[in-house]
Amino acid sequence: MRQNRRAIALLAAFASLLACSPSDAPAAAAHRAGAAGIGDTDFPTDGNGGYDVSHYDLAVDYTPSTKRLDGVATIKAGATQGLSSFNLDLAGLHVRQVSVNGSPATFTHQGGELTVRPAEPIDERATFTVRVHYSGRPQPATSTTNLGTFGFIPTADGAFVASEPNGSKTWFPSNDHPADKATFSFTITVPAGVTALANGELTGEPTTTGGRTTYRWSERHPMATYLATATMGKFELRKGSTAGGVPNLAAADPRFASSLDKLYKTSGKITDYWATVFGPYPFGSTGGVVDDYAAGYALENQTKPLYGGFEPDEGIIAHELAHQWFGNSLTIRRWKDLWLNEGFATYAEWLWSEHKGEKTAEAIFKDHHSRPAGDPMWKYPPGRAKPDDLFNQSVYTRGGMTLHALRRAVGDDTFFKLLKSWAADHRYGHVTTEQFIELAERMSGKDLKPLFAAWLYQPRRPA
C-alpha cells in the first residue's frame, strides 16, 4: 500500500511537469512584435523584421492639380516568426484603415512607422495578406548630403518617382529595404491625358471612365522597393523591340521630345550589347523615361531608368542599363555594399566607351589614378559605403577602378567569364562583397585579398 501511494504521487508530479512543459505553454508566448528595422546597422529604422514580402498590389489614384493621392496597398507576405504585431514603412500620409487576412486590424502610425496589430496573431511560416487604405499629399524625402530630393516628387503635370535609397515610404507602405524583394502590380488612375508609367509591362490597354484613365502594370520579377516607380505626366512614347527581341519603351516629356528617338534606339542597342557581356537580359522589357523635373540625377528604376530633367548621353544610358543586371537583378543585402551596384555600372560606362572605339577602360583608369594622393577620393574606401555619404564619388569611380584592377590581375578571359558567372549565379537574388571576392578567387585560382583590401578598404591611393 505504501508503494502504491508513492506511485500515485510520482504520477501526479509527472503530470504536473508535463502540464508546465514549454511545448504546452500558451500559444501567445510564441508570438512577438516584429522588429521595427530589418537589421541594417547603417539604416536601423529602414525595413522591418518578422516577415518577408512576396507581392505588392498597389492601387494609386492621383490628381496633379491638388497633389492628392488615394491609395490601397495589398501586401502578401510570409511570417519568419510568430507575429503579435509588425511594422510597415510609411511617411507623411494618413492611414484610414488596415486589415489582415480580411479582418480589421488595430494600428498606430508615428513618424515613418506604421505598426499593425492583427486581430489574431500570425504563426511562424504562415502566409498573410495586409491591406492598407491611405491618402494625403505625398512629401518627398530630402537629404542635406549628396542624396538631394527623392521619393514621390509632385510635378506640375504629374509626379517624378525615384526612391533610392529609402523613399518608397513616401508613397506606399512597404518593407522599405533592398533586403526584401517582391513582385509588383500597379493600378494607377490619373486625369485623362496624363500618362502613368510603372515597372514591368502593361497588362492591357488603358481604360478611361468619367474623365480619368487607369493604367495597369505588372513587374513579375522580384524588385527592391526603391526601384518601384509610378511616374506620371505628359509624355510622348515610342514602343517596339530591340534587335535582340526585348520589348522596348521610351518616354519623354514634350520639353525633351527631340531626345525620344535617341533614347529609344540607344537603350535598345545598349541592352542588346550588355546581354553579350553580362549574360541574358534579366527582365521582360527595357527602355527609359525623360521627365522635365530637374532632379540632377538618373535612377535605374527596374525596366524603366528615369532621367531627371536632362537628355542622357550614351554613357549615362549605359550606366543605368547595366544596373538592370547589377543592382536590380543582383541586389545588395546591406547599403554598405553599394559599390557592387555603382562600381559595376560605372565600369560599364568605361566598357561602353571601349566598345565604341573611344577611350579604353585602361586609359580612363589611368586618368583617375593620376589624381593627386591628397584627392578626397582616396580617403573614402568604397567597400564600406558611409550612411551619411552614401553616394560619394569614390563608391562610383574607385568602385569601377577596383574592377579594372581585377581585370588586370586575372586577364580578360577570366574577368569577362567572371562577370557572366556573377550575374547568372545570383540572378534575381542578393549579393555581398565577400561573395564576389570568393568567386573571383575561385575562378582565377589567385589570392586576391590584397588587391581588394587595397582598392576597397584602405583610405589611400593604391599603388
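Q302 is found in the loop that runs between strand β22 (298-299) and strand β23 (306-308), and this residue is a useful place to begin reading the structure, which is a predicted model. With a relative accessibility of 0%, Q302 counts as buried, because buried means under 20% relative accessible area. The points below start from that loop, then turn to the largest nonpolar core, to two further loops and to the two largest pockets.

**The loop between β22 and β23**

- The side chain of Q302 has a polar atom that lies 3.2 Å from the backbone oxygen of P222.
- When residues up to four places away in sequence are not counted, Q302 touches N199, G200, E219, H221, P222, M223, L227, F283, Q324 and N328, so that P222 appears both in this list of contacts and as the owner of the backbone oxygen just described.
- T303 is also found in the loop between β22 and β23, and this residue has a positive phi of about 75° although it is not a glycine.
- Is T303 buried or exposed? T303 is buried, since its relative accessible area is 1% and the cut-off for buried is under 20%.

**The largest nonpolar core**

- The largest nonpolar core has 130 residues, and those that touch the most other members are F86, W171, F186, M232, W274 and F436.
- Helix α4, which covers residues 339-355, gives the most to this core, with eight residues.
- W171, one of the residues named for touching the most other core members, is in contact with L58, V60, L69, L93, Y134, F152, V161, S163, F186, A228, T229 and A230, once its neighbours within four places in sequence are left aside.
- L58, which is among the contacts of W171, is found in strand β2 (residues 51-63) and is buried, with a relative accessible area of 1%.
- Leaving aside neighbours within four places in sequence, L58 is in contact with V72, A73, W171, F172, F184, S185, F186 and T187.
- L58 and H355 are 297 residues apart along the chain, and their C-alpha atoms are separated by 40 Å.

**The loop between β12 and β13**

- P165 is found in the loop between β12 (159-162) and β13 (182-191), and the peptide bond that leads from E164 to P165 is cis, with omega near 5°.
- G167 is found in the loop between β12 and β13 as well, and G167 is buried, with a relative accessible area of 0%.
- Not counting residues up to four places away in sequence, G167 touches F150, G151, F152 and D176.
- Measuring from C-alpha to C-alpha in the model, G167 and A228 are 9.9 Å apart in space, while they are 61 residues apart in sequence.

**The loop between β8 and β9**

- R125 is found in the loop between β8 (113-117) and β9 (127-136), and R125 has a positive phi of about 75° although it is not a glycine.
- R125 counts as exposed, because its relative accessibility is 69% and exposed means over 50%.

**The largest pocket**

- The largest pocket has a volume of about 530 Å³, and of the 22 residues that line it, the closest to its centre are Y297, A298, E320, F391 and Y396.
- The elements that give two or more residues to this lining are β22, α3 (314-322), α4 and α6 (393-410), and α4 is also the helix that gives the most to the largest nonpolar core.
- Sorted by class, the lining of the largest pocket has 11 nonpolar, six polar and five charged residues.

**The second largest pocket**

- The second largest pocket has a volume of about 170 Å³.
- Its lining is made up of G200, E201, L202, W217, K239, G240, P247, N248, L249, S285, T286 and K304, and G200 is also one of the residues that Q302 touches.
- Which strand supplies the largest share of the lining of the second largest pocket? The largest share comes from β20, with three residues, while β15 (201-202), β19 (236-241) and β20 (247-252) each supply at least two.
- By class, the lining of the second largest pocket has four nonpolar, five polar and three charged residues.

Notes:
Residues are numbered from 1 along each chain as its sequence is written. This is a predicted model: local features need pLDDT of at least 70, side-chain atom pairs count only at pLDDT 80 or more; totals for chains, interfaces and linings use all residues. Side-chain values use heavy atoms; hydrogens and water are left out. A nonpolar core is a set of buried Ala, Val, Leu, Ile, Met, Phe, Trp, Tyr and Cys residues joined through side-chain atoms within 4.5 Å. Buried means under 20% relative accessible area, exposed over 50%, partly exposed in between (1.4 Å probe, protein chains only). Helices (H or I, at least four residues) and strands (E, at least two) are DSSP runs, numbered from the N terminus. Contact means heavy atoms within 4.5 Å. A polar contact is a pair of N or O atoms within 3.5 Å; within protein, one must be able to donate a hydrogen and the other to accept it, and residues adjacent in sequence count only if both atoms are side-chain atoms. On a 1 Å grid over the protein atoms alone, a cavity is a set of points where a 1.4 Å probe fits but cannot get out, and a pocket is an open set with protein on both sides within 12 Å along at least five of seven lines; lining residues have an atom within 4 Å of a point. Grid points are joined across faces, edges and corners, and a volume is the space filled by probe spheres set on the points. Ala, Val, Leu, Ile, Met, Phe, Trp, Tyr, Cys and Pro count as nonpolar, Asp, Glu, Lys and Arg as charged, and the others, Gly among them, as polar.
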